[in-house]
Amino acid sequence: MKYSPKKIALRLIPLAVIIFSLILTSCSESENEQKDEILWYNSTAQIWEDALPIGNGRIGAMVFGNPDNERIQLNDDSLWPAEMGWDEPEGNEQDLQEIRQLIMDGQVQQADELIVEKFSRKDIVKSHQTLGELFIDWDHQEVSDYRRELNLSKAVAHISYRADGHKVTQTAFASHPHDVIVVKFTSESPAGLTGKIRLTRPEDRGIPTVKTSVEGDNLLVMRGEVTQRGGVFDSKPFPVLEGVKFETQLKIDHSGGEIVAGEDFLELNGVKEATLYLVSGSSFYHNDLGAYNSEQLAKIESAGYEKIKKEHIADHQNLYARVHLQLPENGADTLPTNLRIEAVKNGAEDTELAVLLFQYGRYLLIGSSRPGTNPANLQGIWNQHIEAPWNADYHLNINLQMNYWLADVTNLSELNSPLFDYTDKLVENGKTTAQKNFGCGGSFMPHATDLWGKTWMQARTAYWGSSFGAAGWMMQHYWQHFEFTRDTTFLEKRVFPALHEVAQFYSDWIMEDPRDGTLVSSPSTSPENQYIAPNGQPAALCMGSAFDQQVIAEVFDNYTQTCQILEIENELLSKITLQRKQLRDGFVLGSDGRILEWDREYDEAEPGHRHMSHLYGFHPGTSITQSAHPELFDAVRKTLDYRLDHGGAGTGWSRAWLINCSARLLDGEMAREQIRLFMKESIYNNLFDAHPPFQIDGNFGFTAGVAEMLLQSHEPGIIRILPALPANWHTGSVKGLRARGGYTIDMEWESGKATTVTINPDFQGGSELVVNDIKVPIVHDKGEIIRLKANNDFQ
């Protein structure tokens, strides 16, 4: 039958005593003025991790705010070395069967070696790269009264100080509507501003990568092409001497004084006000870079600064202002942000800093992922390197996925678009890898890939890169986006085609385990982790890791549901329906009550490992809940406690994952402790996540974790209000969070208890709220706003 939100939801509503007063309204209440969320400092950025990020999804910058030698490091999400035609390694179906036999024979170390030899391209160095640097060398003698800030609410960086006793201001932002980075300087000095403006880019192994020139009286142009002279392929040197071409143009509008053109720089002389407009095009997006940039500058000149800034702020706030979080104020915002972080490291609690970090994740996603751009990579778009850590690429064994955990729940649903566009490319490319390397139909995805969407495995060790769950994990985002939006067109046109290919691969991939007759993934690993094999040596491969089994079960279940909703019957559905019954359970308990990570109860090479992949089905999956699976729910806690007792969550993104898991455990105090440790150990002065070094996934994961503490909707037909509220968040409010089923939800609470819940549904239907330990069924029409207030009996 066709999908009906009302019919499905109503079946899930139990009888309950409603101790809320129900008020139906046709429009929302007027909103109170909300103060802007601001990071601020009374000193310049000394290192890159102190600088302030701005971005419009495609291009961005890190603003240092140095009044002597201002540095604005530039970014473009498409700056990669060329594709080079590198293709699949030599491994084939016969090699796969040999590896499987080695595992069954207990020769797992030999299997580890063979899978790398036959199926992996081993070490790869081919990195996302910086666009370059904008430098402004000032002629200031004495600087005082310095302040540097990033206004998250407006997406504007602002610096002010006195130079030689006169006020100077600098304002910078990256406009999405006008596709431009704008930097404006003003001075109250009678002598105006004097300084040199340069565009440069780091060399690639000692070789210049750009040529900068002045064209006309007032146009600075930087042209270049991405290279990777230190490139590595298959663990062998492989210089890459071609790549994405780019052109950056900078034009200055000014009042007072003059602009003097040098050979490769522009000089301000006695200027009272200068506005720098920087546009940049790449051959990934544009055929004629010069024409694109000139056209953009013409539009910008026609619009003018005030219009550009106004439209930039409006565009940003259309996304950012959808969600507002307020927690108990502690007055710490009167301190510079770096001093607040230092105080937290010394034992202070700062609830307002948690709010700032929550919104910072949303700010960063808006700045690094817009429809039509590439998805946010390991560093979003903010990368200063020619050879970045881990290539600043796309890691599909949690990192890329974590980047988008926050999108739907924090009301940034359309920012998923680059992820789906990119994954569709992987699905198409992965068909070749699936057939050529493994003799399977459908599509395969590796643990790491790049702009071009390569789908063969890479890593010099089996435990690091021989992972088979990536494609299934990416499919989870398609399905969960459907659950949040209930967009059946998206389900039909985007979810089903991709999910069909991935389900086909896993259906062909799994094999019968001769030990017990169940169907398992083989070879199989738990991402980046190892166990101690019976011979006492570390090993990676097994037959049916918890992670792979949970991923495959989820793919089969979501494919089945998709077919049911769309009324599809096909051969694959019939096949996986039978396979699902025979598939080994991904949640098996060991003798100590923990979830087994591998197929058997092996000793662990690293008990405190940063990955918690054997809990995938608990989070970010949705298959284990307290009400439906109490024994497994308790086993999850034991598993996490064991990881933590052995030093787990040492990296920022891993700590962020633990915040999410703590929330799913309905344990606000556990989540509070993980937030404290995240802020103490895993953030830089500009609030970037410290892996270390910087990885943006921890910022995104933190935001998702806070949302998970306030609202959960992963249980069928149930929405939990304040499911994991810590004691120090005793009073507060949040507006604009999204729940599965097409709900927008606002809530207020006092003394740890909800006082008001407002629900705005996109569809006709119903659900069950769990609020203050009370079950409240609701039934509604589309757009019928429901406001529930606690009455005296409840209080």
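Leu278, in this predicted model, touches Leu74, Val180, Ile181, Leu199, Thr248, Gln249 and Leu250, when residues up to four places away in sequence are not counted. The residue belongs to strand S19, which covers residues 273–282, and its relative accessibility is 2%, so Leu278 counts as buried, a word used here for values under 20%. Asp77 offers a way to set distance in sequence beside distance in space, for Leu278 and Asp77 are 201 residues apart along the sequence, while their C-alpha atoms are 16 Å apart in space.

From here the reader can turn to the aromatic rings, of which the structure holds 41 pairs. A pair of aromatic rings is described by the distance of the centres and the angle of the planes. In the pair made by Phe420 and Phe490, the ring centres are 5.1 Å apart and the planes stand at 50 degrees, so the pair is tilted rather than stacked (under 30 degrees) or edge-to-face (over 60). Because Phe420 lies in helix H10 (residues 417–438) and Phe490 in helix H13 (residues 488–509), this pair ties together parts that are 70 residues apart in sequence. Phe420 is buried, with a relative accessible area of 3%, and Phe490 is buried as well, with a value of 8%.

Aromatic residues also form a cluster, made up of Phe119, Phe438, Phe444, Phe468, Phe505, Tyr506 and Trp509.

Finally, rings can be found together with charges: the charged end of Lys126 sits over the ring of Trp86, 5.3 Å from its centre, and the charged end of Lys196 sits over the ring of Phe265, 4.4 Å from its centre.

Definitions and conventions. Residues are numbered from 1 along each chain as its sequence is written. This is a predicted model: local features need pLDDT of at least 70, side-chain atom pairs count only at pLDDT 80 or more; totals for chains, interfaces and linings use all residues. Side-chain values use heavy atoms; hydrogens and water are left out. Rings of Phe, Tyr and Trp (its six-membered ring) pair if their centres lie within 6.5 Å; planes under 30 degrees apart count as stacked, over 60 as edge-to-face and the rest as tilted. Helices (H or I, at least four residues) and strands (E, at least two) are DSSP runs, numbered from the N terminus. Buried means under 20% relative accessible area, exposed over 50%, partly exposed in between (1.4 Å probe, protein chains only). A charge sits over a ring if NZ of Lys or CZ of Arg is within 6 Å of the ring centre and within 35 degrees of the ring normal. Contact means heavy atoms within 4.5 Å.
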